[in-house]
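Good morning, and thank you for coming. Please look at the model on the screen while I take you through several of its features.

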Amino acid sequence: MSIAASSRLRRLRKSESILRLFTETDVPVRCLVPVWFIVDGVGVAEELPLGGGMWRYSVDQLPAQAARARAGGAEGVMLFGVPEVKGMQHATDPNGLVANAARALKADIHGSKLTIFADVCLCSYTPDGHCGVWHDGPGHGIAHGHVDNDASTAVLARMAVMLAAAGVDIVSPSDMMDGRISVIRKALDDAGFEYTLLCSYAAKMASAFYGPFRLAADSAPQHGDRRGYQMNPANRREAAREIEADVLEGADMLLIKPALTNLDLIRECRDRWDLPIVAYQVSGEYAMVREAANAGRIDFARAARETLVSIRRAGADLVITYLADDVWAGRI
Ligand code: PBG
């Protein structure tokens, strides 16, 4: 083939129809998983005033929301519990917010058709905002205070079993403790939940892009930061080790987060492993697009769609995203 003939790549951009015909990457609505913050109270269904995209609901509102999500084409939802009063006991409480939410959804005609993901982490429950159990004394080679890895995985396993019993389909540990996938898998199996899926936040960075979420969940660490367990965003090889560990420990799917700042890792993970990949387009990623659009700098619909296409092109099967609502409503 001559270079001249093959170099007319613009032939493939000749018309709208040709552009559509040869589009390589789609973003079907079934791939988009919205995030719902479950809160106390009755009659709460509101968008948080934090750049948009973050919705919180009380349990009684879930049937109506499930109907809306199903009408939009959603197959799954990701639930986070945000109790008004903090306390670690809420994380494992069988009558806690997320357990009640899961039961309400499973009992509903539309909700029962949704696959329920639920976050498994302690940060929106612990008064100090850490993702695990804080230990004040020395340990882990640190002199003054640390998040105790194995004490944390024990609580997270109890939380996962409690959620599975309430009807959660896919438990999703986002804490980044070592060994938690095998500990949680074993606890689920021992309790008879062999068919509860495990979505592991395999590579989760200590990222500045979680800002709006932490305001929504009131979960910013009260002392220290998360760099002792979440990953250094500079580290690609270490991310590969995190991912491999979770594959070997029995994860059913791998989650990478944030999405846009880790497209390379999504691609590497896609090339190396055959497990499904979930990308989490986090709150700050949404806020960036929304606020820039509000300021008149970019077009919301086009920019939002471009982010989703890029994440899919990198190799993600599913995208957990605050954009789902905008897609259902035809805004993007
Ligand atoms: C809990 C958790 C966080 C997010 C998801 N799970 C916050 C954090 O790690 O600080 C952030 C999601 C978002 O920003 O949308 N560990």
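**Strand 11, the ligand and the aromatic rings**

Let me begin with one residue pair: Tyr-201 stands opposite Leu-255, a residue of strand 11. Please keep in mind that we are looking at a predicted model.

Leu-255 also has a partner in strand 12, where Val-278 stands opposite. Turning to the strands themselves, strand 10 (residues 197–204) and strand 11 run parallel and are joined by 5 bridges. Strand 11 also pairs with strand 12 (residues 277–281), again in the parallel sense, over 3 bridges.

Is strand 11 buried or exposed? Strand 11 spans residues 253–257, and 5 of its 5 residues are buried. Both of its faces are covered: Met-253, Leu-255 and Lys-257 lie on one side, with Leu-254 and Ile-256 on the other.

Lys-257 deserves a further word. This lysine lies over the face of Tyr-280, at 4.4 Å from the ring centre. Lys-257 also lies over the face of Tyr-210, where the distance to the ring centre is 4.8 Å.

That brings us to the ligand. Which residues are closest to the ligand? Of the 18 residues that surround the ligand, the closest are Lys-204, Arg-214, Lys-257, Ser-283 and Tyr-322. A polar side-chain atom of Arg-214 is 2.5 Å from a ligand oxygen atom. For Lys-204, an N or O atom of the side chain is 2.8 Å from an oxygen atom of the ligand. Ser-174 has a side-chain N or O atom 3.3 Å from a nitrogen atom of the ligand. On its own the ligand has 400 Å² of accessible area, and the protein covers 100% of that area.

I now turn to the aromatic rings. A pair of such rings is described by the distance of the centres and the angle of the planes. The structure holds 8 aromatic pairs. One of them is formed by Phe-80 and Phe-213, an edge-to-face pair with 5.0 Å from centre to centre and 75° between the planes. Phe-80 belongs to strand 5 (residues 76–81) and Phe-213 to helix 7 (residues 211–217), so this pair ties together parts that are 133 residues apart in sequence. Both Phe-80 and Phe-213 are buried.

Tyr-286 and Phe-300 also form an edge-to-face pair, at 6.2 Å centre to centre with 70° between the planes. Tyr-286 lies in helix 10 (residues 283–294) and Phe-300 in helix 11 (residues 300–314), 14 residues apart. Both Tyr-286 and Phe-300 are buried. Finally, Trp-36, Trp-55 and Tyr-57 form one aromatic cluster.

How values were computed. Residues are numbered from 1 along each chain as its sequence is written. This is a predicted model: local features need pLDDT of at least 70, side-chain atom pairs count only at pLDDT 80 or more; totals for chains, interfaces and linings use all residues. Side-chain values use heavy atoms; hydrogens and water are left out. Rings of Phe, Tyr and Trp (its six-membered ring) pair if their centres lie within 6.5 Å; planes under 30 degrees apart count as stacked, over 60 as edge-to-face and the rest as tilted. Helices (H or I, at least four residues) and strands (E, at least two) are DSSP runs, numbered from the N terminus. Buried means under 20% relative accessible area, exposed over 50%, partly exposed in between (1.4 Å probe, protein chains only). A charge sits over a ring if NZ of Lys or CZ of Arg is within 6 Å of the ring centre and within 35 degrees of the ring normal. A residue is near a molecule or strand if one of its heavy atoms lies within 4 Å of it. A polar contact is a pair of N or O atoms within 3.5 Å; within protein, one must be able to donate a hydrogen and the other to accept it, and residues adjacent in sequence count only if both atoms are side-chain atoms. Accessible areas come from the Shrake-Rupley method with a 1.4 Å probe; for residues, only the protein chains shown count as cover. Two strands pair if DSSP finds at least two bridges between them.
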